[in-house]
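Trainee: Could you take me through the aromatic residues in this model, one step at a time? I would like to see where they sit and what they touch.

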Amino acid sequence: MKHYIIVKFTEGTDVKALVGPVRKIFEETLSIPGIRELDIRTSNSDRSNRYDMMIVMKMDQEALPAYDASEPHHRWKEEYGDRIAKKAIFDCEE
């Protein structure tokens with residue numbers, strides 16, 4: 001399946017500066033059995049009604065509970081949660 005995390009950061013956040021540190025956290029999830037791929041994209045639009053970052057993970061559906069319980073997932077929420085204005089999570093088949 002594909003697991004999408006689509007994020008709108010708080011106003012004034014330097015999204016481009018966050019790409020490297022966020023990627024580093026999420027790359028650690030690739031060691032979780034069943035998580036196979038990671039792609040992180042930033043928006044090419046500066047419109048205020050657009051989200052800023054999309055994190056796409058390809059994983060077995062059975063890997064989702066392990067991801068939810070993982071240290072990198074908790075660190076993502078702890079380190080960046082206060083900078084997130086909105087977030088959408090979407091899961092679908094590949």
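Mentor: Happy to! Four aromatic pairs are present in the structure, which is a predicted model. A pair of aromatic rings is described by how far apart the centres are and by the angle of the planes. Take Tyr-4 and Phe-90: their ring centres are 6.1 Å apart and their planes make an angle of 55°, so the pair counts as tilted, edge-to-face being kept for angles over 60 degrees. This pair joins distant parts of the chain, with Tyr-4 in strand 1 and Phe-90 in strand 4 (residues 84-92), 86 residues apart. The partners also differ in exposure: Tyr-4 is buried because its relative accessible area of 17% is under 20%, while Phe-90, at 47%, is partly exposed.

Now turn to the aromatic cluster, which is formed by Phe-26, Tyr-67, Trp-76 and Tyr-80. Phe-26 is a good place to start. Setting aside residues up to four places away in sequence, Phe-26 touches Ile-5, Leu-38, Ile-40, Ile-55, Met-57, Tyr-67 and Trp-76. Phe-26 and Trp-76 are also among the residues with the most contacts inside the largest nonpolar core, together with Val-22 and Ile-55. That core has 23 residues. Strand 1 (2-9), helix 1, strand 2 (35-42), strand 3 (53-59), helix 2 (64-69) and helix 3 each give two or more residues to the core, and helix 1 provides the largest share, five residues. As background, nonpolar side chains in soluble globular proteins tend to be buried together.

The cluster also leads us to a pair of helices. The axes of helix 1 (residues 15-27) and helix 3 (residues 71-80) come within 9 Å and cross at roughly 155°. Since that angle is over 145, helix 1 is roughly antiparallel to helix 3. On the helix 1 side, the contact uses Leu-18, Pro-21, Val-22, Ile-25 and Phe-26, and these meet Pro-72, Arg-75, Trp-76, Glu-79 and Tyr-80 in helix 3. By class, eight of the residues in this contact are nonpolar, none is polar and two are charged.

One more aromatic residue deserves a look: Tyr-51, in the loop between strand 2 and strand 3. Tyr-51 is partly exposed, with a relative accessible area of 32%. Beyond its neighbours within four places in sequence, Tyr-51 contacts Ile-6, Val-7, Lys-8, Ser-43, Lys-86, Lys-87 and Ala-88. For Tyr-51 and Ile-6, the C-alpha atoms are 6.8 Å apart in space, although the two residues are 45 apart in sequence.

Technical notes. Residues numbered from 1 in each chain as written. Predicted model: local features only at pLDDT ≥ 70, side-chain atom pairs only at ≥ 80, totals over all residues. Heavy atoms only, no water. Axes fitted to C-alpha atoms, helices over the stretch in contact; angles between N-to-C directions. Helix = DSSP H or I, 4+ residues; strand = E, 2+ residues; numbered from the N terminus. Parallel < 35°, antiparallel > 145°, perpendicular 65-115°, else oblique. Contact = heavy atoms within 4.5 Å. Nonpolar A, V, L, I, M, F, W, Y, C, P; charged D, E, K, R; others polar. Core = buried A, V, L, I, M, F, W, Y, C linked by side-chain atoms within 4.5 Å. Buried < 20%, exposed > 50% of the residue type's maximum accessible area, 1.4 Å probe, protein only. Phe/Tyr/Trp six-rings, centres within 6.5 Å; stacked < 30°, edge-to-face > 60°.
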